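Visitor: I am new to this structure and would like a close look at a single part of it. Please take one strand and describe what surrounds that strand.

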Amino acid sequence: MSTFNDYYFDEHLLNHPQQAAIVKMSIPRLLVRFNYDEGYISDLEHFKEEINELSWLDYDVVQPDQNSKIIKECFDFLTEHRKAVLNLNEHA
């Protein structure tokens, strides 16, 4: 079972073509918008390089160590999401 119950993925951004977004809905909430034109991000450093926007949705101050942890969780979510999509396509 997934541990990413509060994460959502969207790759149909009208105002930002060839980009995708991950929304973390648990506190501290976050929207990460990143380049996703090829649909492939190789590793965490590549993911960080592709980020265009980090929008913290709560007014709480996020500590730097928590920031890095959450960005890594977003990358891990993206990796699991990609695996799930590939698995669905294989069984279609």
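Guide: Two strands pair if DSSP finds at least two bridges between them. Helices (H or I, at least four residues) and strands (E, at least two) are DSSP runs, numbered from the N terminus. The model is predicted: local features need pLDDT of at least 70, side-chain atom pairs count only at pLDDT 80 or more, and totals for chains, interfaces and linings use all residues. Residues are numbered from 1 along each chain as its sequence is written, and side-chain values use heavy atoms, with hydrogens and water left out.

The part chosen is strand 2, residues 19-24. On one side, strand 2 pairs with strand 1 (residues 7-10) in the antiparallel sense, over four bridges. There, V23 of strand 2 stands opposite Y8. Strand 2 also runs antiparallel to strand 3 (residues 30-35), joined by six bridges. In that pairing, V23 has L31 as its bridge partner. Five residues lie between strand 2 and strand 3, and the two form a hairpin.

Five of the six residues of strand 2 are buried (under 20% relative accessible area, 1.4 Å probe, protein chains only), so the strand is largely enclosed by the rest of the structure.

The largest nonpolar core (buried Ala, Val, Leu, Ile, Met, Phe, Trp, Tyr and Cys residues joined through side-chain atoms within 4.5 Å) has 17 residues. F9, I22, F34, F47, C74 and L78 touch the most other members. Strand 1, strand 2, strand 3 and helix 2 (64-91) each give two or more residues to this core. Helix 2 gives the most, with six.

Methods: Buried means under 20% relative accessible area, exposed over 50%, partly exposed in between (1.4 Å probe, protein chains only).
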